[in-house]
Protein chains: 2
Amino acid sequence: MDRRQRKTREAIFGAFTALLAEKDFEHITVGEIIDRADVGRATFYSHFETKDFLLKELCAELFCHISDAVEENCDHKHIFDCVAPDSAFLHLFMHLQKNDNGILELLSSRNNGLFLRYFKDNLMRFAENQLPHFISEKNKSLPKSYLVNHIASTFVETVHWWLTGGRKESPETMTGYFLAVL
Amino acid sequence: MDRRQRKTREAIFGAFTALLAEKDFEHITVGEIIDRADVGRATFYSHFETKDFLLKELCAELFCHISDAVEENCDHKHIFDCVAPDSAFLHLFMHLQKNDNGILELLSSRNNGLFLRYFKDNLMRFAENQLPHFISEKNKSLPKSYLVNHIASTFVETVHWWLTGGRKESPETMTGYFLAVL
DNA sequence: AATAATACCGAACAGTATGTTCCGTACAGA
DNA sequence: TCTGTACGGAACATACTGTTCGGTATTATT
């Protein structure tokens, strides 16, 4: 990729991220983004079709980065395929704790609805692989898709509660909470 | 309240509701609303400060209406204060099933993110009253606010799953699912 | 080093949405 | 009947979007 392209792309992502920490996504204008990124208007639109696509790509990068990092921590195993749930989700919490890329600012900002939604979408396939670990006598007759949805959304809601509460608990504690209610 | 005010208010709500069933909230313009409601532009803005406030007031009316109806069904008892959880949540599902005010169209449209959020906010205080019914050996040491949040969001996610799946299950079945995972 | 390709800027552009203001009309409640 | 006020219609300034253009600087290619 052309170095110029990479630079402007990063400048736009940076400006956009900073703005997201300040105000609602809906109230951010392209004008503000290009001002802060110091980039021409036409340049912006040559990179991103609309503001929504910019958000989508940002989310994709962030969550993709999380997945990669979690898998690395786990000796290149496909963590969500084979590892026990406490370990898998603990690593997710730990990576969030590290707060790379300022992902926590985004998840806890006023825009958290948007991000948590993307977060959940990305978690669904993980939850699917984790499903066998959560089957019990009580829920084994329930539809699989309902259980998968429940696992993913419970994790997202747990993260959300953690963030809005100021992230006082350790990743270990949060993993404990999460597993206790499932 | 002046009959004229009431009429235009209802006309706007009606037009807005119909539009919400067709497209995203963000892509609905004030122009479209007042066209369909057959109302002057200035009139709209004398009723609602912005489009966001219109949404807020619509949600408030709908959820207020649900709460009232559920309480009536229950012989004017404060259902969420005193009734067993299966009964309380069953009544909620049944009222949703009846689909008054087209609330289901709103909850299942592309706008569901917004509405489910309001829905959850309204459920939080109910979940608080229901909390004692959900305390178990396993979760009794967890923070109360975490459990309340978990109950409310699990219910919302259950409704969401129900809606996106086409509402094929009966309210009794859904209540069963909901209680099984808690 | 010379060349071709292309990413960029900046400015301008039409199109559309917002929220406000005005005055004349029609309806409500007393 | 009378007074207040909600309404309609239209115009308005302002702001944001997404596109277009010609000129410049940087990149990759040879």
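Start with chain A and chain B shown together: about 2100 Å² of area is buried between them, and carbon and sulfur atoms give 56% of it. Buried area here is the accessible area (1.4 Å probe) that two parts lose on being put together, summed over both. Next, select A:Tyr146, A:Trp161 and A:Val181, which supply 28% of the area that chain A buries against chain B, more than any other three residues.

A word on the model before moving on. This is a predicted model, in which local features need pLDDT of at least 70 and side-chain atom pairs count only at pLDDT 80 or more, while totals for chains, interfaces and linings use all residues. Residues are numbered from 1 along each chain as its sequence is written, chains are lettered from A and ligands numbered from 1 in the order in which they are written, and side-chain values use heavy atoms, with hydrogens and water left out.

**Stop 1: between the two chains**

Colour the contact residues, counting heavy atoms within 4.5 Å as contact. You should find 25 residues from chain A and 25 residues from chain B. How many salt bridges join chain A and chain B? There are two, where a salt bridge is a side-chain nitrogen of Lys or Arg within 4 Å of a carboxyl oxygen of Asp or Glu. To see one of them, show the side chains of A:Lys120 and B:Glu157, with N and O 2.8 Å apart.

Now switch to cartoon view. Helices (H or I, at least four residues) and strands (E, at least two) are DSSP runs, numbered from the N terminus. On the side of chain A that touches chain B, helix H8 (112-134), helix H9 (144-164) and helix H10 (171-180) of chain A each give two or more residues. H9(A) provides the largest share, 11 residues. Sorted by class, that side of chain A has 11 nonpolar, nine polar and five charged residues. In this sorting, Ala, Val, Leu, Ile, Met, Phe, Trp, Tyr, Cys and Pro count as nonpolar, Asp, Glu, Lys and Arg as charged, and the others, Gly among them, as polar.

**Stop 2: laying one chain on the other**

Superpose chain A on chain B, by least squares on the C-alpha atoms of residues with pLDDT of at least 70 in both. A turn of 179 degrees and a shift of 0.1 Å along the axis bring chain A onto chain B with an RMSD of 0.2 Å. That is the relation of a two-fold axis. The same surface serves both copies, as 100% of the contact residues of chain A recur in chain B.

**Stop 3: DNA strand C**

Select the residues near DNA strand C, meaning those with a heavy atom within 4 Å of it. This picks out 21 residues, and the closest are A:Thr8, A:Gly40, A:Thr43, B:Arg3 and B:Arg41. Sugar and phosphate account for 70% of the strand's atoms that come within 4 Å of the protein.

Which element gives the most residues to this surface? H3(A) does, with four residues. By class, the surface near DNA strand C holds five nonpolar, eight polar and eight charged residues.

Zoom in on the polar contacts (pairs of N or O atoms within 3.5 Å; within protein, one must be able to donate a hydrogen and the other to accept it, and residues adjacent in sequence count only if both atoms are side-chain atoms). Phosphate oxygens of DNA strand C lie 3.0 Å from a polar backbone atom of A:Arg4 and 3.0 Å from a polar side-chain atom of B:Tyr45.

**Stop 4: DNA strand D**

Finish with DNA strand D and the 20 residues around it, of which A:Arg3, A:Arg41, B:Arg4, B:Thr8 and B:Gly40 come nearest. At A:Arg41, a polar side-chain atom is 2.8 Å from a base nitrogen of the strand. At B:Gly40, a polar backbone atom is 2.8 Å from a phosphate oxygen of DNA strand D.
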